[in-house]
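Colleague: Before we discuss details, please place the sequence and the structure in front of us. I shall then put several questions on how the parts are arranged.

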Amino acid sequence: MIGTSTARHPTWRAARRLLGGAAAAGAATAAYAGAYERTAYTLRRVEVPVLAAGSRPLRVLHLSDVHMTPSQQAKQRWLRGLADLQPDLVVDTGDNLAHHGSVPVVLRAYGDLLDLPGIFVFGSNDFFAPVLKNPARYLVPGSRSTRHLGDPLPWQRLRDAFSQRGWVDLTNRRRHLQVDGRTIAAVGVDDPHLGYDDLPAVAGPAPSDVELALGVAHAPYLRVLDQWTAERWPLILTGHTHGGQVRVPGVGAVVTNCDLDRARARGLHTHQVAGRPPSWLHVSAGLGTSPYAPLRFCCRPEASLLTLVGR
C-alpha cells in the first residue's frame, strides 16, 4: 500500500503541473485576444482582376461589422483616418451598430468617407442590439435554429443619415451610380442571416454595358452567392463571418455563422455554379466584435482596400 501511494505522487504532481501550464497558457491567450488583437486594426490590400482589360484601376474601400459602441474611441480614430486613402467607392456591408447611442458615433467616425460615393446594406446588429449568448452554441449543429434577438436599434436614423450624405441604399434593390466618371451597376439584399433577403425582387442578369457590376450582402449565404453567380455578377462583397473571429493556427476558422464553408471565412475567393464563369467573392473579417465576446485570435479586425484592375 505504501509503495503504491508513493508511486502515484510523481504522476499527480506532473498532472498538476500540466493543468497549471494549460491554464496559464489559456489565460495568456485570452489576454492577448481580448486586450491586444481585438484592437489591432489592420488595413488589408487586395487586387481583384475584375474590370475589362486595359481599364484604369478602381479603388474600393470595404467596411463591415464595425459593431460600434460609444466608448470605442481608438476604433473611431482609426476609422476617421481611412478617409486619407481617398477611395473611389465605399462599400458598407452592415453591422455598424452595437449600442442604442451609436448612430452619431458611427457618423463621426466615418467622417469624410461619407462625402465619397458609397453603397450600403444592413446586418442583424444594425436592427437589434447584441445579447449575451453561449459561444458553444456556434459549434453545435442545429443549435442556431432559434435566434435570440435584442432590443431594436435606431437603424432607420442610420439609413437616413447615410442616404442624406449620398450613399446608395441597396436593401433588396438594384441601382446604377457614377463613380470616378464610370457607370457601376450594383445589386443588394437585406440581411440573409435573418432571412430578410428578397432575391426574387432583385433577380435578373447583371448588366453588361457598365464598367463594373457588383453584388452586396451582409452575410454570404450560398443561396445569395449562387443566384448572383448564375446571373453573372462578377464581384460580390460580404461580411458577417468576422473571419471566424477565433482562428486555430493550421486549421483556420472554426465557424462562419452561416452556410459558407470555413475555408472562405475571410479574404478573396471565387464562387462557382455549374455552367457559369466564377464570380469573385470578398468576405471581410470586419472591424468589431459583440460586446459580449470582446476577443479575436489569429484574426485581426480589418477594413479592406480593394484595387480593381483589368483582367
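**Helix packing and strand pairing**

Modeller: Helices α2 and α3 are oblique to each other. This is a predicted model, and the two helices make a suitable starting point.

Colleague: At what angle do α2 and α3 pack, and why are they called oblique?

Modeller: The axes of α2 (residues 73-81) and α3 (residues 103-110) lie 7 Å apart. Angles under 35 degrees would count as roughly parallel, and those from 65 to 115 as roughly perpendicular. The helices are therefore oblique to each other, as they pack at an angle of about 40 degrees.

Colleague: Which residues of α3 are met by α2, and how is the contact made up by class?

Modeller: On the α2 side, the contact involves Gln76, Leu79 and Arg80. By class, the contact of α2 with α3 has four nonpolar, one polar and two charged residues. The α3 residues that α2 meets are Val105, Arg108, Ala109 and Tyr110.

Colleague: Which strands do the buried residues of α6 pack against?

Modeller: Helix α6 covers residues 222-230, and its buried residues are Val224, Leu225, Gln227, Trp228 and Thr229. After the helix comes Arg232, with a positive phi near 70 degrees. The strands packed against by the buried residues of α6 are β7 (182-188), β8 (212-216), β9 (235-238), β12 (267-271) and β13 (279-283).

Colleague: Do β9 and β12 run parallel or antiparallel to β13, and which residues stand opposite each other?

Modeller: β9 is joined to β13 by four bridges, and these two strands run parallel; here Thr238 stands opposite Val283. Five bridges join β12 to β13, and Thr270 has Trp280 in β13 as its bridge partner. The direction is thus parallel for β9 with β13 and antiparallel for β12 with β13.

Colleague: How many residues of β13 are buried?

Modeller: β13 is among the strands against which the buried residues of α6 pack. β13 is also joined by bridges to β9 and to β12. The strand is mostly covered, and of its five residues the number buried is four.

Colleague: For the chain as a whole, what share of the contacts with a separation of 6 or more is between residues 24 or more positions apart?

Modeller: The chain has six helices and 14 strands, and 48% of its 311 residues count as buried. Its accessible surface comes to about 14,200 Å², with 56% belonging to carbon and sulfur atoms. Among contacts with a separation of 6 or more, the share from residues 24 or more positions apart is 74%.

Technical notes. Residues numbered from 1 in each chain as written. Predicted model: local features only at pLDDT ≥ 70, side-chain atom pairs only at ≥ 80, totals over all residues. Heavy atoms only, no water. Buried < 20%, exposed > 50% of the residue type's maximum accessible area, 1.4 Å probe, protein only. Contact = heavy atoms within 4.5 Å. Areas by Shrake-Rupley, 256 points an atom, 1.4 Å probe, with all protein chains shown as cover. Pairing = 2+ DSSP bridges. Axes fitted to C-alpha atoms, helices over the stretch in contact; angles between N-to-C directions. Parallel < 35°, antiparallel > 145°, perpendicular 65-115°, else oblique. Nonpolar A, V, L, I, M, F, W, Y, C, P; charged D, E, K, R; others polar.
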